[in-house]
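Subject: The structure we talked about

Hi,

Here is the structure I promised to hand over. Open it in your viewer first, then read my notes below with it on the screen.

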Amino acid sequence: MAESMKGLVRSHRCTEVSAVDIGEQVTVMGWVQRRRNLGSLIFVDLRDRSGLLQIVFDEEEIGQEGFEKAYTLRNEFVIAVEGTVQKRSAAVNENLKTGDIEVIARTLHILSESETPPFQIEEDSQTRDEVRFKYRYLDLRRPDIQRNLMLRSRVCYLLREFMANEGFLEIETPMLTKSTPEGARDYLVPSRVHPGNFYALPQSPQLFKQLLMCSGYDRYFQIARCFRDEDLRADRQPEFTQADMEMSFVDVDDVIDVNERLLQYVFREAIGVDVPLPIPRMTWQEAMDRYGSDKPDTRFGMELIDVSDVVKGCEFGVFSGALEAGGSVRGICVPGQGDLGRKQVDKLVELAKTYGAKGLAYIQLKTDDTVKSSFAKFFTEDGMQALIDAMGGKPGDLLLFAADQNKVVWDVLGALRLHFGRELGLIDPGQFNFLWVTEFPLLEWSEEEGRFKAMHHPFTMPMEEDWDKIDSDPGAVRAEAYDIVLNGTELGGGSIRIHQNDIQEKMFEVLGFTQEQAWERFGFLLEAFKYGVPPHAGLAYGLDRMVMLMVQADSIRDVIAFPKMKDASCLMTEAPGPVDEAQLSELGLSITDKKME
């Protein structure tokens, strides 16, 4: 039977007890990790969020009644123990912070009993995700998950501390706002008092933080909850957290300066990693050309090589056809993989196809000095050697080529590069490589919608030197945009914002909005811009991603207390779920079966 806490006061967390407390009386509380019976002695490992502490129940010390109670203990019972700290009687456990001491119990209070849990509460659990997340409250007891969430709390504190010291004001922005569909899908909330109308949950505080700049707050900061109704990945959730900021009267260098010092401070204080400054910068074009990605992992080489000029005029139709269509031919040199078997090469071809390639050309430079190629018959011996030389190939290497429009070529070779980086152990997991990627394209063409879309958002400032191309070649206009990348993951992104009405109106025009549509969607911002708006810029970090990279987790679900599954469901609460007819009626809603439409 569970006992009361009356009269009990915890004196220490488990790992707060140390050798300096030997001989002292302590009161500790937590969960039973394991129990071991050794005749007249019972050993219990007590666990709380700080770690483990060994408790010894000696019948002579605690009495027969207390000893019998200790005998009933099972994993995950919640107990309170009053006892005396002593030097550990057995061998010291070097793997525990409290491995040199133990507590001799004088009294035992069973505060709560537990059924046998569906999985063992232990580090690096191999339990299936479906079970872990159904019983997430148990999964959260795991020491590794607890360390992750405690680090997350520490990171939030450090972010707030740094930003406050830099003169930023923490201001909350609304969670119920207007839908402005331009980007990911909104989560919509029906209004009871405005039948037929909906709020949208914010995808970011973007418009409101720009309004705060209009209102003269100069430097804004917020740890903001955001929502996007999009397909999930390892580093994406339907609800997530941004460390969001905006600044007035600044340029790109000002924003980068503050954020480099922020990153240096947070990573040093949170995990002891020194971030050398300044962080390298690379234009978007250079990143794509060298790595096939606008968020390149620079911890290893294997860069893309453009061989379009080398193969120009060749008889291989795949190469010549790509060049004639305005594309390119590029390759990567994979060290030590020249002797791969046919089945392994075929798997690489299939992988390339998942990224849009029609196929994959290759040259195998075997260790016996023979050469095998999928297109050798289309090249002269000199032409083949020139291509190998351009790739820097040597015996034992595998040369892989993609030929298509640039985007396909970048996607394919960028993915293959990362595949081999992982497979060949070329990536040092303990290395933290930061990179600024700058000068993104302002716009990208959407085949689905048949129009240009903003690569970041419609309020991003075009680079002044490219503005004269906005009508003749809008796809060539670069943006005053910048992303901060860490180890191949976009950590955050931002831009200089448009603050001139004529540029903003032109931007909407290029995006295919009529003046009426622009005012319908963004009228409150455009109205505010009539009354004196300062030049401003900002940046937002994905806080979940930042902590995920700090703890080297494979998924942001391991740094979020109650995450969703891949289908955006919660196995624990069974959300989303149906609501009753009375609620729907009150909101003026009815449910239509899509299958019957």
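Let's begin with the cysteines. The count of disulfides comes to 0. Bear in mind that the model is predicted. Take Cys-333, which is in no disulfide: the nearest cysteine sulfur belongs to Cys-314 and is 19 Å away. Is Cys-333 buried or exposed? Cys-333 is buried, because its relative accessible area is 16%, and the cut-off for buried is under 20%. Cys-570 has a similar story to tell. Its closest cysteine sulfur is in Cys-226, 20 Å off, so the two are too far apart for a bond. Cys-570 is buried as well, with a relative accessible area of 10%.

Next, have a look at helix H1, which covers residues 59–71. What would a straight helix of 13 residues span? The answer is 18 Å, at 1.5 Å a residue, yet H1 spans only 11 Å between its end C-alpha atoms. Now look along the helix: H1 has a kink of about 80°, centred on Glu-65. At the start of H1, a side-chain oxygen of Asp-58 comes to within 3.0 Å of the backbone nitrogen of Glu-60. Four residues to click on in H1 are Ile-62, Gly-66, Phe-67 and Ala-70, which are buried. Among the things covering the buried residues of H1 are strands E1 (25–38), E2 (41–48), E3 (51–58) and E5 (101–112).

On to the inside of the protein. In soluble globular proteins, nonpolar side chains tend to be buried together. Here, the largest nonpolar core has 93 residues. The residues with the most contacts inside this core are Val-155, Leu-263, Phe-267, Leu-400, Phe-434, Leu-491 and Tyr-541. Which helix gives the most to the core? That is helix H6 (residues 252–271), with 9 residues. Try selecting Phe-267: leaving aside neighbours within four places in sequence, Phe-267 is in contact with Gly-272, Val-273, Val-275, Phe-432, Phe-434, Leu-486, Met-546 and Met-550. There is also a second, separate core of 24 residues, and Val-28, Ile-79, Val-85 and Ile-110 are included in it.

Two polar residues are worth a click too.

Asp-244 sits in strand E10 (residues 239–248). Asp-244 counts as buried, because its relative accessibility is 1%. What does its side chain do in there? The Asp-244 side chain makes a polar contact of 2.8 Å with the side chain of Lys-209, and a polar contact of 2.8 Å also joins it to the side chain of Tyr-220. Not counting neighbours within four places in sequence, the contacts of Asp-244 include Pro-205, Phe-221, Gln-222, Leu-539 and Ala-540.

Asn-433 is in the loop between helix H12 (406–423) and strand E17 (434–438). Buried or exposed, would you say, for Asn-433? Asn-433 counts as buried, since its relative accessibility is 17%. Its side chain makes a polar contact of 2.9 Å with the side chain of Gln-431. Beyond residues up to four places away in sequence, Asn-433 touches Thr-298, Arg-299, Val-485, Leu-486 and Asn-487. For a sense of distance, Asn-433 and Asp-129 are 304 residues apart along the chain, and their C-alpha atoms are separated by 30 Å.

Have fun clicking around!

Cheers

How values were computed:
Residues numbered from 1 in each chain as written. Predicted model: local features only at pLDDT ≥ 70, side-chain atom pairs only at ≥ 80, totals over all residues. Heavy atoms only, no water. Expected span 1.5 Å × (residues − 1). Bend = angle between axes of the 7 residues up to and from the residue. Buried < 20%, exposed > 50% of the residue type's maximum accessible area, 1.4 Å probe, protein only. Contact = heavy atoms within 4.5 Å. Polar contact = N/O pair within 3.5 Å; in protein donor to acceptor, adjacent residues only side chain to side chain. Core = buried A, V, L, I, M, F, W, Y, C linked by side-chain atoms within 4.5 Å. Disulfide = S-S within 2.5 Å.
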